[in-house]
Amino acid sequence: MDLLWANRAESAEAAVTARHLKALWRIPGTQLGVVAWPPIRRAPHWHYWWQAHLLDCLVDAQLRDPQPERVTRIKRQIRTHRLRNVGRWTNAYYDDMAWLALAIQRACRVTGVDRHRALGTLTRELTDSWMPEAGGGIPWRKDEQFTNPFFNAPANGPAGIFLAREPDWLGRAQEMGDWIDDTLIDPETHLVFDGIRAGSLVRAEYTYCQGVVLGLETELAARTGAERHAARVHRLVAAVKKQMAPGGVIKGAGGGDGGLFAGITARYLALVATDLPGDSAADAEARDTAGKLVLSSAKSAWDYRQSVNGLPLFGAFWDQAAEVPRADGEVATSIGGAVRESEVPERDLSVQLGGWMLMEAAHTVAAAQPAS
């Protein structure tokens, strides 16, 4: 079973590599993900956090099938990210920086590349912005930090996962998990709200908010042994199954930024399936449910894919047939700190990264299962 998903993950990697990985400004030895396929002549944007997830997918692939040439791609992706970002690791959004920190942290541990300065810079950004005196949490963006800040799960969740994996900051990560649980959990659905501003909840419930909290609480359960973290994972896995995975398939959110949402959820459901500790019936049920959601979503996404030149093209919704994009029509645009989808969502790098992320998650789950 794990060989089946290894082959599918390899095909997803090959598709993104062929269609999206290009040199930046034709500079030799550089690489970023082109945000649309078919591409447009002059892409007006590059989407910092999409590139971070591209790096994370490359690290997934290296764990699945270690290859020297992929290490080269990983190094190029990190180096070019900084080059394209005007020589900086940082930007105005704490969620973006958290995603990049997570991806570089994993890349360093898997490949041995040394990016301690980048990680030090990003760690300071994510720790110095902690604002319990203002009701947070860390804020979503810098320009709101001292004027009506918005504290949300998409910033605090990945930042917490990153800090949980840094021994010196495990205590802060635990504080972040407790803050989310105290502040952003819907008492009726047990799902995670998007965020809070000036004491008023933003009650949208997105799939990736659930994913990052599952990842954070699983890391905390494994690293601290505190029972409350595993209990939160049990509760949230059940809520995701009931309300965010109709027919066992994780709900899609279209293209643009939404193209990454379900893939992020699948990544951290896979982490629950493989890393949630404990021998209780509730622990076993959470692991089993999480793994089944990943595998059933991956089967559906694969069954509904299109094949273009022998490589998969995934749909924005994993329970619907994918549409092959054209070379014309509107492409994804940045508006108000978010990226809206292309006219055909499957054109967006985010959607294809989400599919690749799902295939890697399915391989991780299948490889961890005992041989039958």
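The following exercises, each with a worked solution, concern a predicted model.

**Exercise 1. Helix packing**

Determine how helix 3 and helix 4 pack, and which residues make the contact.

Solution. Begin with the geometry: helix 3 covers residues 68-84 and helix 4 covers residues 94-111. The angle between them is about 145°, and their axes lie 11 Å apart. The crossing of helix 3 past helix 4 is left-handed. Next, list the residues in contact. Helix 3 contributes Val71, Ile74, Ile78 and His81, while helix 4 contributes Leu100, Ile104, Ala107 and Thr111. Finally, sort these residues by class: six are nonpolar, two are polar and none is charged.

**Exercise 2. The surroundings of Gln352**

Establish where Gln352 is placed, whether Gln352 is buried or exposed, and what its side chain reaches.

Solution. First, locate the residue: Gln352 belongs to helix 12, which spans residues 349-368. Second, consider accessibility. The relative accessible area of Gln352 is 4%, and a residue under 20% is buried, so Gln352 is buried. Third, examine the polar partner: the side chain of Gln352 comes to 2.8 Å from the backbone nitrogen of Phe314. Fourth, collect the neighbours. Leaving aside residues up to four places away in sequence, Gln352 touches Val16, His20, Pro312, Leu313, Phe314 and Glu346.

**Exercise 3. Cysteines and disulfides**

Explain why Cys108 and Cys209 are too far from the closest cysteine sulfur for a bond.

Solution. The cut-off comes first: a disulfide requires two cysteine sulfur atoms within 2.5 Å. For Cys108, the closest cysteine sulfur is that of Cys57, at 17 Å, which is too far for a bond. For Cys209, the closest is again in Cys57, at 19 Å, also too far. The count of disulfides is zero. As to accessibility, Cys108 is buried at 15%, and Cys209 is buried at 0%.

**Exercise 4. Backbone features in loops**

Identify where Trp37 and Gly136 take part in cis peptide bonds, and describe the phi values of Trp25 and Asn148.

Solution. Take the cis bonds first. Trp37 and Pro38 are joined by one, with omega about -5°; Pro38 sits in the loop between strand 2 (32-33) and helix 2 (48-64). Gly136 and Gly137 are joined by another, with omega about 0°; Gly137 sits in the loop between helix 5 (116-128) and strand 3 (150-152).

Turn then to phi. Trp25 has a positive phi near 55°, lies in the loop between strand 1 (21-22) and strand 2, and is exposed at 55% relative accessible area. Asn148 has a positive phi near 55°, lies in the loop between helix 5 and strand 3, and is partly exposed at 43%.

Conventions
Residues are numbered from 1 along each chain as its sequence is written. This is a predicted model: local features need pLDDT of at least 70, side-chain atom pairs count only at pLDDT 80 or more; totals for chains, interfaces and linings use all residues. Side-chain values use heavy atoms; hydrogens and water are left out. Axes are lines fitted to C-alpha atoms, for helices over the stretch in contact, and angles run from 0 to 180 degrees between N-to-C directions. Helices (H or I, at least four residues) and strands (E, at least two) are DSSP runs, numbered from the N terminus. A crossing is left-handed if the near helix is turned anticlockwise from the far one by less than a right angle, and right-handed if clockwise. Contact means heavy atoms within 4.5 Å. Ala, Val, Leu, Ile, Met, Phe, Trp, Tyr, Cys and Pro count as nonpolar, Asp, Glu, Lys and Arg as charged, and the others, Gly among them, as polar. Buried means under 20% relative accessible area, exposed over 50%, partly exposed in between (1.4 Å probe, protein chains only). A polar contact is a pair of N or O atoms within 3.5 Å; within protein, one must be able to donate a hydrogen and the other to accept it, and residues adjacent in sequence count only if both atoms are side-chain atoms.
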